[in-house]
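Please open the structure in your viewer and keep the sequence panel beside it. This tour goes from one selection to the next and says what is there.

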Amino acid sequence: MPYCPQCFIEYLEGTAQCEDCGGDLVPGSPPEAPPPIEIGDAKDMKLVSVRVFSGGTAQMDADLARNILRAQGIPCVLPGETSAKLLPVLDVPLLVREEDAERAARVLEEYLDTDTTAGTEEADSI
Ligand SMILES: [Zn+2]
């Protein structure tokens with residue numbers, strides 16, 4: 001079955017384009033999974049918090065930021081993601097390798113601090 005090389009989603013025979021990203025599908029089966037970026041195992045690797053998300057959408061924001069960084073090839077870790085489902089998380093730090101911290105911060109600024117979602121602020125409700 002054809003699959004999307006971007007999204008690793010398998011489609012039915014005869015499908016030409018990915019419904020998700022619109023990209024051309026390639027024949028065959030998708031590889032096992034997108035290559036995971038794992039840095040959690042490397043215990044001696046120094047991780048720094050590039051940004052701390054807080055508030056009700058902290059987990060969502062952190063997930064988004066993580067996806068952004070991964071898309072940029074920057075490995076990152078959300079330490080809360082394994083246990084967060086059980087506890088309300090107030091602050092979600094996003095960790096990256098120290099050597100990536102500066103670049104990660106810049107990437108996040110570029111993506112998160114540009115006002116694409118400014119309309120959702122609650123400032124007007126006062
Ligand atoms: Zn796709």
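Begin by selecting strand β3, residues 91-97, together with β2, and you will see two strands that pair in the antiparallel sense over 2 bridges. If you then pick V77 and look across to β3, the bridge partner you find there is L95. Keep in mind throughout that what you have on screen is a predicted model.

Now add β1 to the selection, and note that β1 and β3 run antiparallel and are joined by 7 bridges. One pair to highlight here is V52 and P93, since P93 in β3 is the residue that V52 stands opposite. With the three strands shown together, you have an open sheet whose order is β1-β3-β2 and whose pairing is antiparallel. The edge strands of this sheet are β1, residues 47-54, and β2, residues 76-77, each of which pairs on one side only. Select residues 58-71 next, which form helix α1; this helix packs on the sheet, where it touches β1, β2 and β3, and its direction makes about 15° with that of β3.

Which strands does the other helix lie across? Select residues 101-112 to show helix α2, which lies across β1 and β3 and runs at about 25° to β1. With both helices displayed, you can trace the protein chain from its N terminus and read its elements in the order β-α-β-β-α, a total of 2 helices and 3 strands.

Just before leaving this part, stop at D100, which is found in the loop between β3 and α2. Is D100 buried or exposed? Its relative accessible area is 9%, and D100 is therefore buried, as the limit for that word is under 20%. If you set aside residues up to four places away in sequence, D100 touches I74 and P75.

From there, move to K46, which lies in the segment before β1. In contrast to D100, K46 counts as exposed, because its relative accessibility is 52%. Draw a distance from the C-alpha of K46 to the C-alpha of E98, and you should read 5.9 Å, although these two residues are 52 residues apart in sequence. Besides its neighbours within four places in sequence, K46 is in contact with V96, R97 and E98.

The next stop is the zinc ion. Which residues donate to the zinc ion? Select C4, C7, C18 and C21, and show their SG atoms, which are the protein donors and lie 2.2 to 2.4 Å from the ion. In the sequence panel, these donor residues follow the spacing C-x2-C-x10-C-x2-C. If you display the angles among the 4 donor atoms, you will find values of 100 to 117°, and the site is tetrahedral. For comparison, the ideal angle at a metal with four tetrahedral donors is 109.5 degrees.

Two of the donor residues can be set side by side to see how they are covered by the protein. C4 counts as buried because its relative accessibility is 0%, whereas C7 counts as partly exposed because its relative accessibility is 25%.

Stay in this region and select F8, whose place is in the segment before β1. F8 counts as partly exposed, because its relative accessibility is 26%. Its backbone deserves a look as well, as the phi of F8 is near 60°, a positive value in a residue other than glycine. Most residues other than glycine have a negative phi.

Then select L25, which also has its place in the segment before β1. L25 counts as buried, because its relative accessibility is 12%. Leaving aside neighbours within four places in sequence, the residues in contact with L25 include the zinc donors C4 and C18, and among the others are P2, Y3, P5 and Y11. The C-alpha atoms of L25 and C7 are separated by 9.9 Å, while the two residues are 18 residues apart along the chain.

Finally, return to a view of the whole protein chain and show its surface. The chain exposes about 8900 Å², of which carbon and sulfur atoms supply 52%, and buried residues make up 25% of its 126 residues. Among the contacts with a separation of 6 or more, 55% are between residues 24 or more positions apart.

Key:
Residues are numbered from 1 along each chain as its sequence is written. This is a predicted model: local features need pLDDT of at least 70, side-chain atom pairs count only at pLDDT 80 or more; totals for chains, interfaces and linings use all residues. Side-chain values use heavy atoms; hydrogens and water are left out. Helices (H or I, at least four residues) and strands (E, at least two) are DSSP runs, numbered from the N terminus. Buried means under 20% relative accessible area, exposed over 50%, partly exposed in between (1.4 Å probe, protein chains only). Contact means heavy atoms within 4.5 Å. Accessible areas come from the Shrake-Rupley method with a 1.4 Å probe; for residues, only the protein chains shown count as cover. Two strands pair if DSSP finds at least two bridges between them. Axes are lines fitted to C-alpha atoms, for helices over the stretch in contact, and angles run from 0 to 180 degrees between N-to-C directions. Donors are N, O and S atoms within 2.8 Å of the metal (3.2 Å for Na, K and Ca); water is not among the atoms, so sites may look incomplete. Four donors count as tetrahedral if all angles lie between 85 and 135 degrees; four count as square planar and six as octahedral if opposite donors are over 155 degrees apart and all others between 65 and 115; anything else is irregular.
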